[in-house]
Structure formats: C-alpha cells, structure tokens
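Visitor: Got a minute to walk me through this one? I'd like the numbers and the cut-offs behind them.

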Amino acid sequence: MLEATSLAYRYGKQRSWLFNDLNLRITPGEIVGMSGPSGRGKSTLAKLLAGYLTPSRGSVMVDGRPLPGSGHCPVQLLFQHPELAVNPRWKARDILAEAGPPDAALLRDLGIEPAWLARYPHELSGGELQRICLARALTSRTRYLLCDEMTSMLDPLTQASIWRTVLDISRSRELGLVVISHDQALLGKLCHRSVCYFQNDHLSSACLLAT
Amino acid sequence: MLAIQNLSIRFTHYTFGLKKKEVCVVRGLDLSIAPGQVMAVIGQSGAGKSLLAHALLGILPRNARIEGKVSFKGQRLTPERLATLRGSQIALIPQSVTSLNPLLRVGVQVARAARLSGISQKDVPTTVHRAFARYLLQKEVETWFPFQLSGGMARRVLTATATVGMADLILADEPTSGLDPITAGEALGHLRELANTGKAVLLITHDIETALQVADMVTVFCAGTTVEVARAEDFKGLGHLRHPYTRALWAALPTNSFIGTMKPIERTSDTGGCPFRLCCNDQDAVCGQSAPELKRTGEGWVRCHHA
C-alpha cells in the first residue's frame, strides 16, 4: 500500500502551506484519479509521493517502509512533457537501459518498434517518446505509477492506445495508479475512485475529497 | 480573410558531409477562414499544426522551404507584405510559455505589443490595463517577471499580448493546454468574442471538446495534409463525419467509446497513394494507386476515395 500520512509541504518558509495534514492511501491495483484547478499542488503531491521532494512534515510509506533513498524506487512518476524527462544526448536504447535491461514483451505490448531504439529523443514524436518513458518506468520492481498529465499533449488516438496498455498492465501486475488530469471524462473512464483537489483559503490547507 | 491552397513545407538538412536531404513535412494543405469565424484545427500530434502557424507568420527556420498559395484579405501574402503585417494585422498566441522574454516585466511586453500593432503612445497604458483586466490578471501582475507567473497566468499574458492590438487574424496555438476547464472555457470565450467583432481566429488545439464549444468549422490534419473540413455541428455523432481518421479520432475521445479504432499514425507512405493507407481499416486497391484529392461533400470537404 502506498500511504501518505499527515503530509505537509510548502516551498520556502515564507510561503503558505500547499497542503497541511494530508492523508492518502492507494492499494495495489487501485486506480485513483486526481483533478482540480491549476496551481494547487497536484504535481507537487506527485513529486512528494515519488520521493523527488521531501515533505516538510509527515511521511510517505510503501508497504510499510519509507521510500528508498537510493536505487530503484517502487513509485515511478511520469511527466506531461516526456522530452524534458530524458537525456537529449542519449539514444532511446540508453534511456531504456537506465532502468535495467528492458523486457522485450513489455516493449512489444507498448508498441515500441525496434527501429526507435537507435534514435535520439528529438527524432521521436511525443507519443513515441512517452511510450519509451513508460517502458522505462514499468520495470518489474515498480509497484505504483503516478501519471501527471501523461497524455494531455497527445492526440486522442495515441492517448487511447497508451491508456489501454497501461490499464492492461495495471490489471495483470496489480499496479497502483494515480492519474492526474484536467479531463474529467478521461478520469471517469479510467479510475475506480477519484479525489478532487482544492484549497480552502481560510484554513490554507488542501483537502482531498473522495467522490 | 485567409485562404491557403496546396501549401507544402519542406526542410532540408545535411545527412553526411555535404549531402543534403529534403523532408516534406506538410503537403497539399488547404484552409480558408472567413471574417467572424473561429476555425479549429485538430489532428495528430506532429501533423504540422504549429508549423502552419509559423509558416503564416514567416518565422520558420531558414532551412524550410514553403510552396503554395497563401492570400490574406484577397491579396497574395508575399514575404515582404508579411513583414509589414505580422504583429499588426496577424497575431500569434504561441504554444510555448517560454515565448515571453524572461528579462522583461510582462506589462512592458504587452505594452510593446500594443505599440507595435499601431496603438498611439498615449493610449497604450489604458489599453494594457484593460487587456490585463479582461484576462482577470491583477494590476500588480504587470510588474512581475515571467518566472513569477504560474502556467495558467503565463498563458493569459500571451493571449493578452496577441489580442491587445487590432489584429484581424489571430493564430492561437494550443491556448488552453495546461489550463483547468473553467479557465480554458474563459480563454476560448474571449477568442469567440473577438471573432464576433469581425476578426478571424485560427484555433490550433488537441482539446476537441472544448474547441467545439466555440468553433464554427473544424479542419482535421493528419500526416501533414488536410483530410477533412467539417462544421462543428457534424461532431455530434459519427454519422456526419466523412473521413475514417476523423471518425477514429472522435471515437477515441474519453467521452465516447475511448477505443482506438485505428492504429496511431506513426508512419506515412511516401510512395504515392493515400498517405495514411498503412493505418486505415478501409483501405483497398484504389488507395494504393493515387493520392485522393480534396472534394466537396455537403457543407464540408474531405480527402478520401471512399467518402
């Protein structure tokens, strides 16, 4: 279980709390949607859950243990702009190898063609590159996947095909998913439950409402 | 207002030593917009939607070669004429928020755009205040630098920059990406208002559903060419959409069946014939022989042998 307990975070001492005392639990195989107005800390929460940021207070635990400080992290984060998440001077093959030798069956499921592996990121389209990032994140040790606006810059056809694959993998591996998106219709199609994210100005604390 | 016929864009680059290779990224593109119209341009990622906007402004890189006929207000749009028109009569809302000058306060940038578009020096401050107010940006935002803005605010500043002047044609390149539905709706509402005052708006977007709320016509791009021009009303159901790609795009929307009925288009055929027959489910012998021409069907246009 991915569990955030009384999580609090703010960027700098002078700034107001993005959220205070936030609790969230994601069980294996569960798909949780997250939406809300921009600038409220959805992406910040994702970065905290994946261990990119350290919470000011509270803790993030995976199966009862804190996130590892080094080595492979069981919580993987996917970004909106895949081109910013890869080394522009590496070929796709080296990008994939960052997470250990890629699984041939996984590459086939994601529709990654062998020819792409010899290309640099700028020679791949957004959809192709996002699939490379997905393959890199989906090693066998990954237990939870956080998708931060993963398909918002892709056309609907590519979007549908990527999500089909992710849903299949999530089902077969009992992978927990957090889907951050502005698209309510997309969340409705994908998620078991969704949390709406908003900030109460008076209390300056964010609430997560299960809907 | 704007008519584009048979536009093609090619890029030349060096492959090895002095050997040059030419890649055709946009071919046979047709588009026309009337005053008072919002024309949405949707389609595959990487189909050349943003290239079109850049070609219309003449800001493509130097290794690009443009062919075809573009006319603006009935006259041929030559590079010389374009240089006098862009910024004053044709304005762009860029896709990337990095298009703001990072070292200049945003109020100054909007004021500069207003001055360049022909507003007199004395009216500039009031025009700028009004533009900021219209996009619900507080007065103090004028004195901020771009790094102090959130993604949504930066988008609104870019929109203000393009609409502050008296441009008759506004090219909006993904003006709503990364905005929540309410802010996105407002941003598009402003574009609709501008169109209602007799301007023409070219709205390049991925967000088909939000775009349909404000657009009159929709042009669908795929593989660097126009495959269909349809009325916004035609997107109510599958029955009125003529091209297989448009139908697949519509069906793949999360509000509809969310199933990719067509393979995502990653490769197109250069060998003559229909450029995306490799991905099409309805292809037969005719598709391999000749590239289909854009033909009139009802209110719209379609490029398919089987429509």
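Visitor: How much of chain A is buried?
Guide: Of its 211 residues, 41% count as buried. Buried takes 20 or more other C-beta atoms within 10 Å of the residue's own, exposed 12 or fewer, partly exposed anything in between, with C-beta atoms placed from the backbone.

Visitor: Where does the model come from, and how is it labelled?
Guide: It is a predicted model: local features need pLDDT of at least 70, side-chain atom pairs count only at pLDDT 80 or more, and totals for chains, interfaces and linings use all residues. Residues are numbered from 1 along each chain as its sequence is written, while chains are lettered from A and ligands numbered from 1 in the order in which they are written.

Visitor: How many helices and strands in chain A?
Guide: Six helices and 10 strands. These are DSSP runs numbered from the N terminus: H or I of at least four residues for helices, E of at least two for strands.

Visitor: What does the radius of gyration of chain A agree with?
Guide: Chain A has 17 Å, in agreement with the value near 17 Å for a compact globule of 211 residues. The radius is over C-alpha atoms, and the globule rule is 2.2 Å times the number of residues to the power 0.38. The C-alpha trace spans about 55 × 35 × 30 Å along its principal axes.

Visitor: On to the contact between chains. How many residues does each chain give?
Guide: Chain B gives 26 residues and chain A gives 22. Contact means C-beta atoms, placed from the backbone, within 7 Å.

Visitor: Which elements of chain B give two or more residues there?
Guide: α5 (151–163) and α8 (244–251) of chain B. The chain B side divides into 12 nonpolar, 12 polar and two charged residues. Nonpolar is Ala, Val, Leu, Ile, Met, Phe, Trp, Tyr, Cys and Pro; charged is Asp, Glu, Lys and Arg; the others, Gly among them, are polar.

Visitor: How do α5(B) and α6(B) cross?
Guide: At roughly 5 degrees, with the axes coming within 11 Å. The axes are lines fitted to C-alpha atoms, for helices over the stretch in contact, and angles run from 0 to 180 degrees between N-to-C directions. The two helices are therefore roughly parallel. That label covers angles under 35 degrees; over 145 is roughly antiparallel, 65 to 115 roughly perpendicular, the rest oblique.

Visitor: Which residues meet?
Guide: From α5(B), Gly152(B), Arg156(B), Thr159(B) and Thr163(B); from α6(B), Thr183(B), Ala187(B), His190(B) and Leu194(B). Two are nonpolar, five polar and one charged.

Visitor: Switching to α4(B). Which residues are buried?
Guide: Thr127(B), Val128(B), Ala131(B) and Phe132(B). They fall within an arc of 135 degrees seen down the axis, so they line one face of the helix. The arc is that of the directions from the helix axis to the C-beta atoms.

Visitor: What do they pack against?
Guide: α3 (106–116) and α5 of chain B. The face turned away carries exposed Thr126(B), Arg130(B) and Ala133(B).

Visitor: Any odd backbone angles?
Guide: Just after α4(B), Leu136(B) takes a positive phi of about 55 degrees. Ser6(A) has about 30 degrees, though not a glycine. Ser6(A) lies in strand β1 (residues 2–9) of chain A.

Visitor: Is Ser6(A) buried or exposed?
Guide: Exposed, because Ser6(A) has 12 C-beta neighbours inside 10 Å.

Terms used
Contact = placed C-beta atoms within 7 Å.
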